[in-house]
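Subject: Structure for you to look at

Hello,

Here is the structure I said I would pass on. Please open it and keep it beside this email while you read.

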Amino acid sequence: MKKIPLLLLFCALWFSSFARAQLVIEITNGADQLLPIAVVKFGRQGTEILPDIAQIVENDLKRSGLFSAIPRNVMLSQPTKKEDVFYRNWRLLKADYVLIGSVKLLSGDTYEVEFELLNVLAQKNVQNRESIKVKKSNFRDAGHYISDKVYELLTGVRGAFSTKILYVTAEGDKAAPTFQLQVADADGFDPQVIVESKEPILSPSWSSNGRFISYVMFRERRPNIFIQELATGKRQKIAQYKGLNGSPSWSPDGKKLALVLSKDDNPEIYVLDIATQKLDRVTNHYSIDTEPSWDPDGKGIIFTSDRGGNPQIYRADLQTKSVERITFEGELNSRARMTPDGRFLVTVQKNNGQYNISLQDMRSGRVQVLTETYLDESPSIAPNGSMVMYATTHNGKGILSVVSVDGLVKYRLPSAAGEVREPAWSPYFK
């Protein structure tokens with residue numbers, strides 16, 4: 001009987017009111033010292049209404065919590081090429097950097113976008129003028145590409161603005177909603193419905209190259225695990241065993257999935273070879289083992305287990321099958337994810353009745369609680385390891401939030417018309 005509360009804990013916290021809607025950005029906290037940058041509106045010819053690429057870049061950089069943008073209405077000029085830049089004007093506005101560019105129609109719906117980044121104090125280029133070709137429908141992608149370039153040049157960390165997010169919503173009758181798995185840009189724009197179902201959808205996960213996703217979808221109240229190719233929508237059911245089929249997690253090489261199966265009566269961790277369909281049992285314990293994720297090197301599985309009396313995080317070596325406990329602080333820890341460099345472990349930690357996102361340094365063992373809300377869940381880490389997206393509750397409604405791994409930068413992505421859960425941040429696309 002002790003397994004019943006734990007199983008309930010590991011189930012998704014479904015909510016009573018849902019709706020499909022674009023996510024919006026609400027920045028709630030930034031770093032102590034922000035880098036001032038001027039993102040000048042890109043010059044262009046003609047009168048056709050086009051997306052404002054410079055505004056997309058400015059929004060991206062501000063959302064990172066590391067930059068402050070010089071308002072356009074106080075700019076003394078709006079240059080589009082280097083020879084028109086008067087550095088004294090930008091020093092007066094206390095801008096450290098200036099991004100300038102232009103958009104030119106080549107033919108049909110194909111445009112040339114040029115941009116360059118200038119250091120105001122040094123009066124020289126940080127990024128020489130670069131040219132990219134882009135379709136009108138892909139202007140937002142061009143903006144995110146430029147944001148990634150600027151972010152990496154000025155922070156030394158690869159940007160993640162061009163990545164995607166998966167999340168689950170639902171709409172319709174509160175008693176019988178239609179569940180939806182959606183994909184959107186990392187800033188919440190351009191949401192697309194991938195799957196719809198009258199029964200719950202859980203645990204979306206990305207393959208390492210971003211081409212495939214996996215998820216749990218209930219059919220006649222029974223959980224099944226699917227793999228789906230994003231580009232074609234082609235779907236394959238890969239687990240429909242008796243009992244629980246849950247928590248699919250892709251291996252770093254994209255060839256295997258870690259799963260939770262109870263086909264042998266107790267929830268255990270298995271690894272499925274996708275090509276051969278061969279199952280390898282990883283854990284064998286009378287307690288519940290669940291929520292697997294992979295070491296960055298693919299040599300071990302991190303998972304949640306109550307084998308110590310309450311849920312904590314353990315690691316299983318895939319070669320030896322030996323298991324070690326790796327979390328000791330907090331009343332419980334669950335839903336663990338490792339940063340891509342293996343330095344930090346992110347978990348949902350319970351203390352004094354609150355569930356928060358915590359970060360454990362795998363070198364020193366130091367644990368830092370990153371969030372202050374009371375019901376945080378489902379953490380997912382950006383591919384550059386800098387930010388953590390998670391589901392939480394704000395003003396009585398389920399939303400997505402993001403926090404930096406140092407806890408300084410925070411922003412929310414609420415839906416304007418409903419609630420969202422189960423986020424999964426994409427890898428870099430290959």
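Below is what was found in it, taken region by region.

Please keep in mind that this is a predicted model.

The nonpolar cores

The largest nonpolar core has 25 residues, and I37, F42, I53, L99 and I146 touch the most other members. Several elements give two or more residues to this core: strand 2 (35–39), helix 2 (53–63), strand 5 (97–107), strand 6 (110–119), strand 7 (124–135) and helix 4 (139–155). Helix 4 supplies the largest share, six residues. As general background, nonpolar side chains in soluble globular proteins tend to be buried together.

I37 is a useful residue to click on. Leaving aside residues up to four places away in sequence, I37 touches L61, F67, S68, A69, I70, Y97, L117, V150 and L154. There is also a second, separate core of 16 residues, with L23, Y167, A184 and A382 among them.

Strands 6 and 7

Two of the strands that contribute to the largest core also pair with each other: strand 6 and strand 7 run antiparallel and are joined by nine bridges. L117, one of the residues that I37 touches, has Q127 in strand 7 as its bridge partner. The two strands form a hairpin with four residues between them, and there Q123 takes a positive phi near 55°.

The four-stranded sheet

Further along the chain, four strands form an open sheet in the order 23-24-25-26, with antiparallel pairing. Which strands stand at the edges of this sheet? They are strand 23 (332–338) and strand 26 (367–369); each has a single partner strand, so one side of each is left without a neighbour in the sheet. On average, neighbouring strands here are turned by 30° against each other, direction ignored.

Within this sheet, strand 24 (residues 344–351) and strand 25 (residues 354–361) pair over eight bridges in the antiparallel sense. To find the pairing on screen, look for K350, which stands opposite Y355 in strand 25. In general, strands of a sheet pair through backbone hydrogen bonds.

The loop with T232

T232 lies in the loop between strand 13 (222–229) and strand 14 (235–239). Is T232 buried or exposed? T232 has a relative accessible area of 54%, and exposed means over 50%, so T232 counts as exposed. Its side chain makes a polar contact with the side chain of E229, at 2.9 Å. T232 and S364 are 132 residues apart in sequence, and their C-alpha atoms are 45 Å apart in space.

Regards

Note on methods. Residues are numbered from 1 along each chain as its sequence is written. This is a predicted model: local features need pLDDT of at least 70, side-chain atom pairs count only at pLDDT 80 or more; totals for chains, interfaces and linings use all residues. Side-chain values use heavy atoms; hydrogens and water are left out. Two strands pair if DSSP finds at least two bridges between them. Axes are lines fitted to C-alpha atoms, for helices over the stretch in contact, and angles run from 0 to 180 degrees between N-to-C directions. A nonpolar core is a set of buried Ala, Val, Leu, Ile, Met, Phe, Trp, Tyr and Cys residues joined through side-chain atoms within 4.5 Å. Buried means under 20% relative accessible area, exposed over 50%, partly exposed in between (1.4 Å probe, protein chains only). Contact means heavy atoms within 4.5 Å. A polar contact is a pair of N or O atoms within 3.5 Å; within protein, one must be able to donate a hydrogen and the other to accept it, and residues adjacent in sequence count only if both atoms are side-chain atoms.
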